[in-house]
Amino acid sequence: MANEAPSWADQWGAGGIGAGEEETKPKVTKKDSSKKMADMKATASVGLDKAKAAAVVGAQKVKAGTSVGVKWIKTQYQKRSSSSK
């Protein structure tokens, strides 16, 4: 039974598949880096604004729900108090 596929050593060892091909990474300059950072800050700012807006809306809903709940409890208590007298 012959080996049909190359072995691990053949693939990943020196001189294996893809030997001689150099992976080139683009050079990142300081100017490119600062532009990317500015873009990221702008994106983060937009996300933060959305999060703040969602938090405010959520807080308003909690406040309104609590107010309705307290009024309901008062009404239930008043009904029991007046019917027991």
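Begin with the salt bridges of this predicted model, of which the structure holds 1. To find it, select D39 and K35 and show their side chains, since these two residues form the salt bridge, with their closest N and O atoms 3.8 Å apart.

Next, select residues 30-84, which make up helix α2, and keep the pair in view: D39 and K35 both lie in this helix, 4 residues apart, or about one turn of the helix.

Now turn on the surface around the two partners. D39 has a relative accessibility of 40% and therefore counts as partly exposed, whereas K35, at 55% relative accessibility, counts as exposed because the cut-off for that class is over 50%.

Finally, select the whole protein chain and colour by secondary structure, where 2 helices and 0 strands are assigned. Of the 85 residues of the chain, 1% count as buried. With the surface of the whole chain displayed, the accessible area comes to about 8,400 Å², and 61% of that surface belongs to carbon and sulfur atoms.

Methods. Residues numbered from 1 in each chain as written. Predicted model: local features only at pLDDT ≥ 70, side-chain atom pairs only at ≥ 80, totals over all residues. Heavy atoms only, no water. Salt bridge = Lys/Arg side-chain N within 4 Å of Asp/Glu carboxyl O. Buried < 20%, exposed > 50% of the residue type's maximum accessible area, 1.4 Å probe, protein only. Areas by Shrake-Rupley, 256 points an atom, 1.4 Å probe, with all protein chains shown as cover.
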